[in-house]
Amino acid sequence: VLSNKHGPSCRRVCEHLGIGPLLKGVFGARDTPWIKPQPEFTSHVLSRLGAEARSTLMIGDSPFDVQASLNGNLAACWCVTTGTHSADQLFQAGSNRVFSDLWALQEELEKTP
């Protein structure tokens, strides 16, 4: 998880939702000197996870997520309209794909190797 929300609070939410054990890391504001969409933040997270930008898919719900993906040279950014931004806004920001809900995203992820 790469968030501009307060890092410790974000980790508590993930634990409360029961998804903490499924995650390799939860990074938020105040965990580093950077926030999205600064490329240093994305680069730091990739480094900590041992991931490569060219094979990383960002999933988000805002233009900040799209910009972080672009600034970090990630393979792609898919968005879900669960936030405060419309599909048009997310496409205009540069999202590769936009899904109407998390179920549609899950369905596509299950099809993708």
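This tour moves through a predicted model, from its largest pocket to its nonpolar cores and then to one residue of helix 5.

**The largest pocket.** Begin by selecting V1, L2, L23, I59 and G60, the residues closest to the centre of the largest pocket among the 37 that line it. The space in this pocket amounts to about 1400 Å³. Next, colour strand 1 (2-6), helix 1 (7-16), helix 2 (39-49), strand 3 (57-60), helix 3 (63-71) and helix 5 (102-111); each of these elements contributes at least two residues to the lining. By residue type, the lining comprises 22 nonpolar, 10 polar and five charged residues.

**The largest nonpolar core.** Now select L2, F41, V45, M58, C77 and C79, which have the most contacts inside the largest nonpolar core, a set of 13 residues. Helix 2, helix 3 and strand 4 (76-80) each give two or more residues to this core. The largest share, three residues, is supplied by helix 2.

Centre the view on C77. Beyond residues up to four places away in sequence, C77 touches L57, M58, D65, V66, S69, S95, N96 and R97.

**A separate core.** Select A76, W78, V80 and L105 next: they are among the five residues of another core, which lies apart from the largest one.

**E108.** Finish in helix 5, where E108 is located. Is E108 buried or exposed? E108 has a relative accessible area of 15%, and because buried means under 20%, this residue counts as buried. Display its surroundings: leaving aside neighbours within four places in sequence, E108 is in contact with W78, R97 and F99.

Definitions and conventions. Residues numbered from 1 in each chain as written. Predicted model: local features only at pLDDT ≥ 70, side-chain atom pairs only at ≥ 80, totals over all residues. Heavy atoms only, no water. 1 Å grid on protein atoms, 1.4 Å probe; cavity = no way out; pocket = protein on both sides within 12 Å on 5 of 7 lines; lining within 4 Å. Points joined across faces, edges and corners; volume = space filled by probe spheres on them. Helix = DSSP H or I, 4+ residues; strand = E, 2+ residues; numbered from the N terminus. Nonpolar A, V, L, I, M, F, W, Y, C, P; charged D, E, K, R; others polar. Core = buried A, V, L, I, M, F, W, Y, C linked by side-chain atoms within 4.5 Å. Buried < 20%, exposed > 50% of the residue type's maximum accessible area, 1.4 Å probe, protein only. Contact = heavy atoms within 4.5 Å.
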